[in-house]
Amino acid sequence: MSKNGLRPFAHAWNGITATYRTERNFKIHLTFSLAAIALGIGMHLSASDWCWITLCIALVFVAELINTAIESVVNLVSPAYHPLAKKAKDAAAGAVLIAAVFSLVVGGIIFLPKLWRHFVI
Ligand SMILES: Nc1ncnc2c1ncn2[C@@H]1O[C@H](COP(=O)(O)OP(=O)(O)OP(=O)(O)O)[C@@H](O)[C@H]1O
């Protein structure tokens, strides 16, 4: 692949690393994701469980990256208070919240019964 062909990947990687550096929530999501992966390896999850876990991890990171993109554009075009700026930022934050709650529910469904069997039974 030519150097130009790789450029979109370089831009995308820049977006991910810049978000990692500037957004505290991104680091929190990464910590939870690594913990889920470590727990999943320790518990020998099935292929379908891994599909759900990786879907949740991707969903949360995608939501956080889109949230960061929307926040950045809003800060650029509307540094002063505006109700539409509030609507855009709150909706973007809502998307992250839904992704995170969905992931917690899926994580609970997959891990809690296994943890229960491991520690209680
Ligand atoms: N220009 C603005 N006009 C109106 N409301 C705003 C504006 N900027 C921020 N807000 C309100 O303040 C909230 C917090 O905005 P902020 O830019 O601090 O993002 P944040 O949620 O703290 O994001 P992060 O924690 O990822 O930095 C927004 O969800 C929105 O309700």
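## Glu23 and Glu71

Glu23 is partly exposed, with 16 other C-beta atoms within 10 Å. In this predicted model, Glu23 sits in the loop between H1 and H2. Beyond its neighbours within four places in sequence, Glu23 makes contact with Glu64 and Thr68. Both of these partners are listed with the buried residues of H3.

UniProt, in an unreviewed entry, gives Glu23 and Glu71 as "binding site". The two span 49 residues in sequence, yet no two of their C-alpha atoms are more than 11.0 Å apart, so they gather at one spot. Glu71 belongs to helix H3. Glu71 counts as partly exposed because 17 C-beta neighbours lie inside 10 Å, below the 20 needed for a buried residue. Leaving out residues up to four places away in sequence, Glu71 touches Lys89 and Ala92.

## The shell around the ligand

Both glutamates also belong to the set of residues that surrounds the ligand. The other members are Asn25, Ser78, Tyr81, His82, Ala85, Lys86, Lys89, Asp90 and Ala93. Lys89, a contact of Glu71, is therefore part of two descriptions: it touches that glutamate and it lines the ligand.

By residue class, the shell divides into five charged, three polar and three nonpolar residues. Helix H4, residues 83-119, gives the most to this shell, with five residues.

## Overall fold

The protein chain has four helices and zero strands, and its pattern along the sequence is α-α-α-α. Its C-alpha atoms fill a box of roughly 55 × 45 × 20 Å along the principal axes. The radius of gyration is 18 Å, where a compact globule of 121 residues would have one near 14 Å.

Of the 121 residues, 12% count as buried. Among contacts between residues at least 6 apart in sequence, 71% join residues at least 24 apart.

## Helix H3 and helix H1

H3 has 31 residues and reaches 45 Å from its first C-alpha to its last, close to the 45 Å expected at 1.5 Å a residue. Its buried residues are Ile53, Cys56, Val60, Ala63, Glu64, Asn67 and Thr68.

Gly15 lies in helix H1, which covers residues 3-22. Gly15 counts as partly exposed because it has 13 C-beta neighbours inside 10 Å. The C-alpha atoms of Gly15 and Leu104 are separated by 25 Å, and the two residues are 89 apart along the chain.

## Annotated transmembrane regions

The unreviewed UniProt entry places "transmembrane region" at residues 28-46, 52-70 and 91-112. In the model, residues 28-46 are 79% helix and 0% strand, with the end C-alpha atoms 26 Å apart. Residues 91-112 are 100% helix and 0% strand, and their end C-alpha atoms lie 31 Å apart.

## His44

His44 lies in the loop between helix H2 (24-42) and helix H3 (47-77). His44 counts as exposed because it has 8 C-beta neighbours inside 10 Å, and the limit for that class is 12 or fewer.

The phi of His44 is near 50°, a positive value in a residue other than glycine. Most residues other than glycine have a negative phi.

Conventions:
Residues are numbered from 1 along each chain as its sequence is written. This is a predicted model: local features need pLDDT of at least 70, side-chain atom pairs count only at pLDDT 80 or more; totals for chains, interfaces and linings use all residues. A residue is near a molecule or strand if its C-beta atom, placed from the backbone, lies within 6 Å of it. Helices (H or I, at least four residues) and strands (E, at least two) are DSSP runs, numbered from the N terminus. Ala, Val, Leu, Ile, Met, Phe, Trp, Tyr, Cys and Pro count as nonpolar, Asp, Glu, Lys and Arg as charged, and the others, Gly among them, as polar. UniProt positions are given in the numbering used here, feature names are shortened, and annotations may be inferred rather than shown by experiment. The radius of gyration is taken over C-alpha atoms; the globule rule is 2.2 Å times the number of residues to the power 0.38. Two residues are in contact if their C-beta atoms, placed from the backbone, lie within 7 Å. The expected span of a helix is 1.5 Å times one less than its number of residues.
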